[in-house]
Amino acid sequence: MQINLGAQPFAVIETEALVSYVFEETDPMQGRIAEIDHSAGGLLSKLAKSGELTGKNLEFTLVHSPAGLKAARLLLVGAGKREQFNSATLRKIAGAALRYLKSRSVKNFALLVREGDATEESAQVIAEGALTADFESDKYKTEKKNDKRIDTVSLAGFAESERSAGEKGLSKGRTIAESQNFARDLINEPSNKLTPSILAQKAEAMAKSAGLSVEILDEKKIADLKMGALLSVAQGSIEPPRMIVITYNPPVAKTGAPVIGLIGKAVTFDTGGISIKPSEGMEKMKYDMAGGATMIGVMRALASLKPGVRVICVVPSTENMPGGRAQKPGDIQTAMSGKTIEVLNTDAEGRLILADGVHYARQLGATHLIDAATLTGAIVVALAGVNVGVFGSDQPFTDKLLASAKATGEKMWQMPVDDDYREFIKGTVADIQNIGSGKGGGAITGAMFIKEFTGDSPWIHLDIAGTAWNDDSKPWLAKGPTGVALRTLVHLVMSY
Ligand code: BES
Ligand code: ZN
Ligand code: ZN
C-alpha cells in the first residue's frame with residue numbers, strides 16, 4: 001500500500017472516496033466541512049439536520065456520487081468532541097476509514113485533514129493508522145481476497161508551505177507502522193514456522209539490511225556464558241534456544257548518555273512445560289514471543305530514525321516444552337547472575353529467560369533497562385486487554401515512559417513493585433522461587449522476580465499478555481497481533 005501527499009484542492013481530486021472527519025458540536029458545519037457542504041450544495045447540512053451526521057466518535061456517513069466533487073464517494077467519519085480530539089483519535093480515524101472502505105472493495109482514497117491539522121504530527125499518525133489498519137493475517141491463505149485491497153492513500157489539505165512537514169511526518173509514520181507490522185508478522189507465525197532459530201535468522205536478516213550490529217548466541221555459547229535460567233526452560237525441547245543481540249550505535253554518541261537495554265521475552269511456544277497448560281486456547285501461546293518481536297521491531301524503526309543514544313536489544317528465545325529432559329517442579333537452577341532459583345512452576349518460564357536476558361544486557365553495557373513480555377495471565381485479570389501493565393524501579397524513568405505512551409496513544413497503567421512483595425518470592429531452599437506463595441498479585445510477583453536481576457539499574461517491565469493480541473477486531477485494527485508498546489518505546493528512545 002502506498003501513502004502519499006496530494007497537491008490538489010479537495011473538490012477536484014479524482015478518487016474512489018474523499019474522506020474527512022466531523023466534530024460533534026452544535027453546528028458541525030465548520031471550516032473544511034462547511035467548504036465541502038458548500039461544494040455539495042448543502043447536502044451535509046441536510047444530513048446533519050436529519051440526524052444522520054452527528055460527529056459522534058467513529059460514526060460513518062457514506063455518500064455516493066456527491067454533487068460538486070470529483071470523488072466517487074464522500075465518507076465522513078465522526079471525530080467526537082473537538083475538545084477531546086487529539087492525534088490518537090486521528091490515528092484511529094485514518095485506520096477505521098481504511099478498513100471501512102476496504103471492506104467495500106474501494107482501492108484508493110484521499111484523506112482531507114481538517115483546518116489546522118496540516119502538520120507533521122497529523123501526517124505521521126495518519127500514516128501509522130492507515131498502514132497498521134491495512135495489516136491482515138492472511139499469509140497462509142491460498143486464496144487472498146484481491147478485490148479487497150487498498151492500493152493508495154493520498155493525504156489532502158496541505159498547503160504548499162505545509163508540504164515539507166507533511167512529507168516528514170509521512171516518512172516517520174511509515175517507518176514506525178512498517179516496523180510495527182514487521183513485529184505483528186512475526187507474532188502471527190505459528191510455532192512450526194517460527195522456532196527460536198528461525199526467529200534469530202529473521203532478526204539477523206532484518207538487522208543486517210537495516211545496518212544494525214547483530215550477534216546470535218547459539219546453545220553452546222549460551223551454555224558457555226552459564227545462562228542457566230534460559231537453558232532450564234530450553235532443555236525440555238528439541239529446538240535449541242537462541243539469544244538474539246542487536247545493537248544500534250548512534251552516529252555521534254553523547255558522553256554520559258544512557259545506554260538503553262531493550263529485553264523481550266520470545267517463547268515461540270509455551271505449553272507450560274511439565275506444569276502443562278489446559279489444551280483449550282493453548283494454540284494462542286504462539287504469541288508468547290510478542291515481547292521479543294516488539295523489541296526487534298523497535299530496533300528496525302530506530303535504524304531509520306537514528307536516535308542519539310546507544311540501544312542494546314537482547315531477546316532470549318526458546319520453546320517451553322514438556323519433553324523427557326524437561327525441568328520439573330522443584331528443580332533448582334543457577335541463573336547467569338549466580339542467583340539460585342527454585343522452579344516451583346515450569347509455566348512461569350518467561351521470568352526465567354528474562355532473568356538471564358536483563359543480566360546479559362547489563363553486562364553488555366546497558367544502563368537503563370526495559371523489558372516487554374507476555375508474562376502473566378494475572379495482568380489480564382487486572383487490566384484486561386485495555387492497558388499494558390507497567391512496573392518500574394525508578395519513578396522519573398517510568399514517568400518518561402508513561403509520557404511516551406500518552407503521546408503515542410498506547411494505554412498503559414502503572415502497577416506497584418515495592419519491597420513488601422519481595423517476601424512473596426523469597427526462597428526456602430534456593431535464593432528465590434519463580435512463583436509467589438499463594439497470596440495473589442501474580443503480575444507483581446512476576447515483575448518482582450525479574451527485578452532481582454536488574455541490580456541498581458533503572459528498570460521498567462511491560463506486561464503485554466493482555467494487550468499483545470486482540471481476540472476481536474477493532475474498527476481500526478484486524479484481530480490478532482497488535483504490536484503494542486512499539487510506538488511508546490520508539491518515542492521514548494527518540495526523546496533522549
Ligand atoms: N505465557 C504465559 C502468560 C500468558 C497468559 C500470556 C495468558 C498470555 C495470556 C506465562 O508464561 C505463564 O504461563 N504464566 C503463568 C504464571 C503462573 C504459573 C505463576 C500464568 O500467568 O498463569
Ligand atoms: Zn508459561
Ligand atoms: Zn509464557
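**View 1. Two zinc ions share Asp270 in this predicted model.** The zinc ion (ligand 2) and the zinc ion (ligand 3) are 3.2 Å apart. Asp270 coordinates both ions, acting as a bridge between them. Glu349 is also listed among the donors of ligand 3, through OE, and among those of ligand 2, again through OE. Glu349 has 0% relative accessibility, so this residue counts as buried.

**View 2. The zinc ion (ligand 3) has an octahedral arrangement.** Its protein donors are Lys265 (NZ), Asp270 (OD), Asp288 (OD) and Glu349 (OE). Distances to the ion run from 2.0 to 2.4 Å. Six donor atoms surround the zinc ion (ligand 3), and they subtend angles of 77 to 172 degrees. The arrangement is octahedral because of these angles. For reference, ideal angles for six octahedral donors are 90 or 180 degrees. Along the chain, the donor residues follow the spacing K-x4-D-x17-D-x60-E. Lys265 sits in the loop between strand S9 (259-264) and strand S10 (266-270). Asp288 sits in the loop between S10 and helix H9 (290-305). The pair therefore ties together parts that are 23 residues apart in sequence. Are Lys265 and Asp288 buried or exposed? Both Lys265 and Asp288 are buried.

**View 3. The zinc ion (ligand 2) has an irregular arrangement.** Asp270 (OD), Asp347 (O), Asp347 (OD) and Glu349 (OE) coordinate this ion, at 2.0 to 2.2 Å. Asp347 thus appears with both an O and an OD donor. Why is the arrangement around the zinc ion (ligand 2) called irregular? The six donor atoms subtend angles of 71 to 168 degrees, which makes it so. The sequence spacing of the donor residues reads D-x76-D-x1-E.

**View 4. Ligand 1 is surrounded by 16 residues.** Lys277, Asp288, Asp347, Glu349 and Gly377 come nearest. By class, the shell holds seven charged, five nonpolar and four polar residues. Several contacts reach oxygen atoms of the ligand. Asp270 places a polar side-chain atom 2.9 Å from an oxygen atom of ligand 1. For Glu349, an N or O atom in the side chain is 2.8 Å from a ligand oxygen. Gly377 uses its backbone instead: an N or O atom there lies 2.7 Å from an oxygen atom of ligand 1. On its own, ligand 1 has 520 Å² of accessible area, and the protein covers 78% of that area.

**View 5. Helix H13 (residues 442-451) is largely enclosed by the rest of the structure.** Eight of its ten residues are buried, so the helix is described in this way. Which residues of H13 are buried? They are Ala443, Ile444, Thr445, Gly446, Ala447, Met448, Phe449 and Ile450.

**View 6. Arg242 contacts Glu219.** Arg242 lies in strand S8 (residues 242-248). Its side chain and that of Glu219 are joined by a polar contact of 2.9 Å. Arg242 has 14% relative accessibility; under 20% means buried, so Arg242 counts as buried.

**View 7. Ile432 is viewed together with the zinc ligand Glu349.** Ile432 belongs to strand S17 (residues 432-433). With a relative accessible area of 0%, Ile432 is buried. Ile432 and Glu349 are 83 residues apart along the chain. Their C-alpha atoms are separated by 14 Å.

Conventions: Residues are numbered from 1 along each chain as its sequence is written. Chains are lettered from A and ligands numbered from 1 in the order in which they are written. This is a predicted model: local features need pLDDT of at least 70, side-chain atom pairs count only at pLDDT 80 or more; totals for chains, interfaces and linings use all residues. Side-chain values use heavy atoms; hydrogens and water are left out. Donors are N, O and S atoms within 2.8 Å of the metal (3.2 Å for Na, K and Ca); water is not among the atoms, so sites may look incomplete. Four donors count as tetrahedral if all angles lie between 85 and 135 degrees; four count as square planar and six as octahedral if opposite donors are over 155 degrees apart and all others between 65 and 115; anything else is irregular. Helices (H or I, at least four residues) and strands (E, at least two) are DSSP runs, numbered from the N terminus. Buried means under 20% relative accessible area, exposed over 50%, partly exposed in between (1.4 Å probe, protein chains only). A residue is near a molecule or strand if one of its heavy atoms lies within 4 Å of it. A polar contact is a pair of N or O atoms within 3.5 Å; within protein, one must be able to donate a hydrogen and the other to accept it, and residues adjacent in sequence count only if both atoms are side-chain atoms. Accessible areas come from the Shrake-Rupley method with a 1.4 Å probe; for residues, only the protein chains shown count as cover. Ala, Val, Leu, Ile, Met, Phe, Trp, Tyr, Cys and Pro count as nonpolar, Asp, Glu, Lys and Arg as charged, and the others, Gly among them, as polar.
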